[in-house]
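Please examine the structure shown below before reading further. The explanation after it is intended as a guided walk through selected parts.

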Amino acid sequence: MDELLGEFITETNEFLETVDTQLVVFEADPTDGDTLNSIFRLVHTIKGTCGFLGLPRLQFVAHAGETLLGKFRDGTLVATPDQVQLVLESIDRIKEILAELEATGSEPEGDDSALIGALELAAEGHPAPSAASAAAPAPTPEPVVAPPVVEAAPVSTTGLRWDADLGRELRPGEVSLAELEAAFLSATPDDEIDPVATSTAANEVAAPAAIEPAAPVPERRAAPEMRAIKDDDEDAAAKGGAVSSSQTIRVNVDVLETLMTMVSELVLTRNQLMQMVRNTTDSEFKGPLQRLSAVTAELQDSVMKTRMQPIGSAWKKLPRIVRDAARDLNKKIDLIMDGEATELDRQVLELIKDPLTHMIRNSCDHGLEGPAARVAAGKSEMGSIRLNAYHEGGHIVIEVSDDGAGLSTSRIRDKAIKNGLVSEELAWTMSDAQIHRFIFAPGFSTAAAVTSISGRGVGMDVVRTNIELIGGTIDLQSTEGRGTKFFIKIPLTLAIVSALVVGSRQQCFAIPQLSIVELVGAGSASEHKVEVLNSARVLRLRDRLLPLVDLSEVLGVPPRDPSTSESTSAFVVVMQHSGQLFGVVVDEVFDTEEIVVKPLSKALGDVGTFSGATILGDGSVIMIIDPGAVYRRVGQAEEVVEEALEAVQKKRGQLPETTSMIVFQAGGEQPKAVPLSLVTRLEELDATTFEQGDGRTLVQYRGELMPIVPADPYAPIATTGVQPVLVFTYNGLAAGLAVDKIVDIVDEALDIEMAADRAGLLGVAVLKGKATEVLDVSHYLSLALKNWDDPGVNKPAKHIVLVERNPFFRNLLSPLLRSAGYEVEAVDTVSAALLCAEYRKPSAVLTDIDVDVASARRLLSDDRLAGTSIVALSGSPDADATGFASLVRKSDRESLIAAVEHAANLEIAA
Amino acid sequence: MNALATRHESELALAKAGTKEFVTVHVADQLFGVEVIDIQDVFSLKGLTPVPGARPEIAGVLNLRGRIVTAIDARCRLGLPARPQGFAGMMAVGVEYQGEAYGILVDSVGEVLRLSDSDFEPNPVNLNPNWKDVSQGVYRLEGRLLMTLNIDHLLCVATA
């Protein structure tokens, strides 16, 4: 592509962004002559350059737009929103053509006559139709190319035409308008426009043949560019005259990047020198080095500045977006921008543009209500979206707030539960702020309808991902009915980050400070202790459990010998990523340093654990840990555990049913367990309230006296402090089992591998890889409640036969049924059950159907059990239970009791 | 003066006749040659940071005058046994590949040789495939053979 053309495209794109913003400002206040003037000038420049470069389509569109703008400027027309829309449409058309031009190098074919016609019609003062509706009428025959343009307008405006117009204007407004115009004319000297106009005119005359006028091009560029950059100084300069053209130059971004790299290296070299000199007591280098250091610091600052751009340049498109959204949605929206001058690295700037645009659209669409709803809520019709940017400790904070309806906590909660992001129980214990954060979860959208603007459910998680990609964080604060405020915190630059240097297995690594929440000492002497739940390590931090992962695991270094791990000191770096908190165990913590991030070579691209490398002051290279990789590792650790469990179950041939067991310690480290279904409650009772009576320990519990027995006969019940107690209830009587510590609740297939020869013990099973004693609850109940299994105590019991081949379940279910008030005959075969029935007809029969469903069916057809309900028991909820009264899962205590009750009642009715 | 001029001319003539300049390096007991035009610099290894999880042939990263260089272990890449004493005291040949800096770790760096094309032979057919990938051929020197090393081929596997 022609170099001239390339420059033209870059330049024009910059102009157009400015025009977009200014037109919106102008629409809001059509009397703002200053804004109109600069819009006019920009469009005019585009037109002029197009003519010079031989781009007729662009030229004609720009010309027609300019004509209309000219009419606004000289006051013959007062801009209506429709007319502004028309100008915006022409700007959009110019953008389209430009995009094509950039891609192909030549102007695309196309017909703009409808748009031009509409613009001309509007310029003649007809009520403006939109371009779309103007497609039908034939374009007015007025010659478009003809030069009777309005360039000369400024001079003639002050004259007669004003009066004519003023005649129908209100008096007060008219005066200020004239003043404004006058002020404007004096403030912007003619030479600011005229050289452009004349040079363009000259170019138009010289037409495409002219190659020579290279000079006017940069000159033309200089003036508007100042506006594009928009600095306070520049505004002053513009008012002062056209002297400022030498104050800005266009520098290739690559040059700046190279400069930045060089300075980074200089900083590193300086650090190295400093370290060397620091080690010698008296050195002649000290003085010069001090100066070198100071100069380097200043140089670094200055170079950083060249990369800095005001955040306002990322916001330029927003007024137009808000305006269009407001029009589409029939809302009234005011966009307020604060802190536009806040500067940040241009690389970062590029990366936050899209997320910001997305969030603004969201605010327009979901955040703000329609005018009617707002009035009904007692707010003003005009909704406002506020953007605010400011610096805060090496970061830039961008706030996006609206005064709309706020987030609906209940809707988000429902949706989160429906999408399986959180369990229902957990959801109700979460704070509103925690619930609100679900909007950052993937695929989460509460919008009832998908609009052209937003609501496709790929919203905020993409925003969050993009922001986290550049090491930023996002949070929000919302009050229902009052509005929502998002906080985006991003680093000022990506080139230099603050990082914590840590050591793991004799090697140093850097962790970006931004992802670190806190640092916890977790050595053996520390109050925080690393605990292990089935090989998954957790840290108890204040009131929550933090999943832990060792940095060496993340790195794939073989784990440390577990026998030594207890004795060495360790630190836990608490990190946050994707809204998840987790801890990383490291051996040592050194220092925080400002590090220069260097990209990794392609050869290391497949490692994935590191986001880059850096050189420390001593010249050594260290790797920078990618927080995302650690986060993935934490997630994987969970999967590994699950996979291992599944593998074990597959090895056993089938998926055996699992039983929830509560695991605790009592009288020693050896874990003990009882089935969870037998336990009514877990209590922590104050040991000082325990009393003695009848040779037993008693406690007043819920208005009754409850006996407590120790789970381990040799471990005494505590007399001070808190005593954890498992509470069993039976027939309205409660008994407590005192234990030392409740460890875990596991859901595992239960295999009692060793039969017990001690009273009170069912046997030993492997739970979560550990040999665990499974206690016989009935033994303890009889210790606590001497006459517990005497069914005559409270009411006449119904007789139930339980057929179950597995002794564990037989022992598990019988106390359960007894505690529900039944007299249970537990047998292991169908024949035995039938034999029982011969002596006494049971109210109901429960039979296992997993082991031998064919023989279980014999119960159905046997005369001895005629009229008795037979309930099937299975480990699986979808076993074939045709013919049985009902099917119940063995582990489901509630429905088991309910089914038995139902079956027994049926018998009475019969 | 005259002699110098003659020598200079003869060198030129040689160059025209088709010669190449090689830096000789030793990897294990084998003599290799890397073309001078491929080499940015030669340095002795000081400080190497291993990169956990990287491929075995990547020895680590190091700092060369403020640039981070990825070090490739030539022994590993060529399927030769690792040095018993580790990387300490090794030499590195600095090269540029796809705009990135790499260092190839070798046991020692020898001299610069100008070799004539007439001494060049393509790889023998029975050569180990590992070596065939990275070498274009062999130069017959007096008393020993010099394997050429092609840097691009050596690194393309590492970065693939």
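The paragraphs that follow treat two sheets of chain A, the contact between the chains, a single residue, and a group of strands in chain B. The model is a predicted one.

We begin with a sheet in chain A. Five strands form an open sheet in the order S32-S31-S33-S34-S35 (chain A), and their pairing is parallel. Strand S32 (822-827) and strand S35 (886-889) of chain A each have a single partner strand, so these two stand at the edges, and one side of each is left without a neighbour in the sheet. From one strand to its neighbour, the direction turns by 25° on average, when the sense of the strands is ignored.

One pair in this sheet may be followed in detail. Strand S31 (residues 798-803) of chain A runs parallel to S32(A), and six bridges join the two. Within this pairing, Val803(A) has Val827(A) in S32(A) as its bridge partner.

Helices accompany these strands. Helix H26 (residues 807-819) of chain A lies across S31 and S32 of chain A, and its angle to S32(A) is about 165°. Helix H27 (residues 830-839) of chain A also packs on the sheet, where it touches S31, S32 and strand S33 (844-848) of chain A. The direction of H27(A) makes about 165° with that of S31(A).

A second sheet of chain A offers another arrangement. This open sheet of five strands has the order S16-S8-S9-S18-S17 (chain A), and its pairing is mixed. Strand S16 (588-596) and S17 of chain A are the edge strands, each pairing on one side only. The twist from one strand to the next averages 35°. S17(A) and S18(A) are antiparallel and share five bridges. Across this pair, Ile615(A) stands opposite Val621(A) in S18(A).

The same two strands reappear where the chains meet. How many residues of each chain take part in the contact between chain A and chain B? The contact involves 21 residues of chain A and 19 residues of chain B. On the side of chain A that touches chain B, two or more residues each come from helix H12 (253-279), strand S17 (610-615) and strand S18 (621-625) of chain A. By residue type, this side of chain A comprises 11 nonpolar, seven polar and three charged residues.

We now turn to a single residue. Met337(A) belongs to strand S2 (residues 333-338) of chain A. Is Met337(A) buried or exposed? It is partly exposed, because 15 other C-beta atoms lie within 10 Å, whereas a buried residue would need 20 or more. Apart from its neighbours within four places in sequence, Met337(A) is in contact with Trp315(A) and Leu387(A). Met337(A) is 25 residues from Gly312(A) in sequence, and their C-alpha atoms are 8.5 Å apart in space.

The last stop is in chain B. Six of the seven residues of strand S5 (residues 67-73) of chain B are buried, so this strand is largely enclosed by the rest of the structure. Strand S4 (residues 58-64) of chain B runs antiparallel to S5(B) and is joined to it by six bridges. In this pairing, Ile58(B) has Ile72(B) as its bridge partner. S4(B) and S5(B) form a hairpin with two residues between the strands, in which Arg65(B) takes a positive phi near 45°. S5(B) is also joined by four bridges to strand S7 (residues 100-106) of chain B, and these two run parallel. There, Thr70(B) has Tyr102(B) in S7(B) as its bridge partner.

Note on methods
Residues numbered from 1 in each chain as written. Chains lettered and ligands numbered in written order. Predicted model: local features only at pLDDT ≥ 70, side-chain atom pairs only at ≥ 80, totals over all residues. Pairing = 2+ DSSP bridges. Axes fitted to C-alpha atoms, helices over the stretch in contact; angles between N-to-C directions. Contact = placed C-beta atoms within 7 Å. Nonpolar A, V, L, I, M, F, W, Y, C, P; charged D, E, K, R; others polar. Buried ≥ 20, exposed ≤ 12 C-beta atoms within 10 Å, placed from the backbone.
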